[in-house]
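Grab your viewer and let's work through a few exercises together. Try each task before you read its solution.

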Amino acid sequence: MKISIIGTGYVGLPTGVGFAELGNEVTCIDRDIRKIEALKEGKITLYEEGLEDLFHKNVRSGNLKFTTSMKEGIPDADLVIIAVGTPPHPVTKEADMKYIHAAATELAEHLSGYTVIATKSTVPVGTGDDIETLISKKNPFADFDVISLPEFLREGFAVHDFFYPDRIIVGAEKERAFNLIKELYLPFADKTNMLFVKRRSAETIKYASNAFLAIKIHYINEMADFCEASGADITEVAKGMGLDSRIGNKFLNPGPGYGGSCFPKDTMAMSYMARQNGVKMSLVDAAIIGNQLRKEQMAQRIRNAVKGIENPKIAVLGLAFKNGTDDCRESPAIEIINKLLEYGLNITAYDPKAMGTACNIFGNKISYADDMYQVIKDADVLAILTEWEEFKNLDLERASYLMKHKNIVDCRNLLDAKKAKAHGYSYRGIGR
């Protein structure tokens with residue numbers, strides 16, 4: 001099948017590589033000339049585990065191509081996937097649809113033959129109707145269907161999730177469009193659940209899913225606060241909760257709050273859409289407010305750990321919003337560091353993959369280290385903000401000789417609290 005994907009970000013590029021690996025002819029389109037030139041030169045523009053090898057393999061085979069031109073990438077495509085950003089509007093916090101509308105308007109004039117237009121970006125309910133109207137207005141003779149094909153790729157696990165999806169949701173109004181998607185996903189027919197629904201239902205499913213998971217994170221963080229106050233241990237409480245099949249054990253890890261490209265903007269967009277429809281989303285609104293306060297609370301914990309120390313040095317492990325990615329969008333670590341900078345504190349940071357991204361954010365406002373032992377040298381407190389696997393293996397004895405004061409604020413509960421205390425550290429985790 002010939003597939004064109006508009007957008008080469010954390011959704012578009014892994015999706016394009018995945019479909020190319022399945023034997024399709026994929027053309028990725030992006031307006032960013034520098035990004036497309038880099039991809040053409042074989043330089044991958046984001047980090048996802050396992051992505052680079054598949055990227056090079058399919059570029060060499062000719063299954064994966066890149067262009068900035070809609071005229072070059074759209075004609076003869078059986079399927080066009082829109083995977084551009086829908087950032088929150090700076091004022092209303094609703095999903096900003098300018099990139100979606102621009103893509104739909106531009107691709108319309110280049111359609112040739114029957115084409116399915118799929119929105120993989122997370123978009124408000126009714127966006128499929130808008131895209132249909134824009135394309136028909138621009139090209140009244142176009143033969144096409146618009147469907148919703150929401151993505152559920154987890155950053156850090158995008159390659160795995162593409163090939164082993166837990167579900168595939170397809171929202172369409174015409175049988176012809178459903179049949180094309182059935183053919184596309186034929187390799188997954190016996191591997192996963194495939195649900196065919198109305199287009200507006202598919203658009204809602206993504207928001208409903210992300211909002212629910214955000215609420216779950218907010219809940220376990222509040223429960224962690226209760227455990228700290230009451231003397232219970234959140235790790236034990238969460239384990240007991242997770243054994244209930246109605247609750248499940250996922251998203252019960254307390255921490256510094258949710259972040260990334262999805263949960264923050266999708267909860268705000270869900271809240272906005274609810275207000276527009278005269279519906280109250282009290283749980284979603286509480287999660288939004290609580291998540292912002294959470295990061296402020298974590299920053300205050302770190303600040304309190306160096307209270308009374310003159311010109312303290314803060315060592316930060318973790319900058320990406322989660323392990324397995326270099327994405328720092330809405331990262332709790334970034335927001336916590338910004339708060340610490342407001343306090344006038346001196347910060348040195350390290351992340352296995354996100355150093356370049358963070359440097360573009362902070363510039364020379366903070367210092368950067370080459371590894372996790374360099375970052376803690378002469379530090380007065382170590383703050384762990386992202387759950388990278390290598391941080392779990394921190395040599396506490398070695399670290400004790402490098403740090404000026406043996407303080408740890410573990411916002412991810414990565415370290416063994418008993419071992420840390422046995423090595424003389426003042427250790428504070430979450431909910432323990």
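The exercises below deal with a predicted model, and they cover salt bridges, two buried residues and two empty spaces.

**Exercise 1.** Find what arginine 199 pairs with in a salt bridge, and work out where the two partners sit.

Solution. Start with the side chains: arginine 199 meets glutamate 132 in a salt bridge, at 3.3 Å from N to O. Next, place them: arginine 199 is in helix H9 and glutamate 132 is in helix H6 (residues 127–138), 67 residues apart, so the pair links distant parts of the chain. Now check accessibility. Arginine 199 has 4% relative accessibility, and because buried means under 20%, it counts as buried. Glutamate 132, at 31%, is partly exposed.

**Exercise 2.** Compare the placement of two more salt bridges, glutamate 335 with lysine 295 and glutamate 342 with lysine 339.

Solution. Take the glutamate 335–lysine 295 pair, at 3.2 Å from N to O. Glutamate 335 lies in helix H13 (residues 332–342) and lysine 295 in helix H12 (residues 282–305), so this bridge ties together parts that are 40 residues apart in sequence. Lysine 295 is buried, at 4% relative accessibility.

Then look at glutamate 342 and lysine 339, whose closest N and O atoms are 3.4 Å apart. Both of these lie in helix H13, 3 residues apart, which is about one turn of the helix. Glutamate 342 is exposed at 59%, while lysine 339 is partly exposed at 24%.

**Exercise 3.** Is asparagine 221 buried or exposed, and what does it touch beyond its sequence neighbours? Do the same for tyrosine 373.

Solution. Asparagine 221 lies in helix H9 (residues 199–230). Its relative accessible area is 5%, so it is buried. Leaving aside neighbours within four places in sequence, asparagine 221 is in contact with Pro254, Gly255, Gly257 and Arg294.

Tyrosine 373 belongs to helix H15 (residues 372–376) and is buried too, at 14%. Its contacts, not counting residues up to four places away, include Asn393 and Leu402. For leucine 402, the C-alpha to C-alpha distance from tyrosine 373 is 7.7 Å, across 29 residues of sequence.

**Exercise 4.** Describe the linings of the second largest pocket and the largest cavity.

Solution. The pocket holds about 270 Å³ of space. Of its 15 lining residues, those closest to the centre are Pro124, Val125, Met273, Ala274 and Asn277. Helix H11 (residues 263–276) gives the most, with 6 residues. Sorted by class, the lining has 11 nonpolar, 3 polar and 1 charged residues.

The largest cavity holds about 30 Å³. Glu203 and Lys206 are among its lining residues, and the classes come to 2 nonpolar, 3 polar and 2 charged.

Key
Residues numbered from 1 in each chain as written. Predicted model: local features only at pLDDT ≥ 70, side-chain atom pairs only at ≥ 80, totals over all residues. Heavy atoms only, no water. 1 Å grid on protein atoms, 1.4 Å probe; cavity = no way out; pocket = protein on both sides within 12 Å on 5 of 7 lines; lining within 4 Å. Points joined across faces, edges and corners; volume = space filled by probe spheres on them. Helix = DSSP H or I, 4+ residues; strand = E, 2+ residues; numbered from the N terminus. Nonpolar A, V, L, I, M, F, W, Y, C, P; charged D, E, K, R; others polar. Buried < 20%, exposed > 50% of the residue type's maximum accessible area, 1.4 Å probe, protein only. Contact = heavy atoms within 4.5 Å. Salt bridge = Lys/Arg side-chain N within 4 Å of Asp/Glu carboxyl O.
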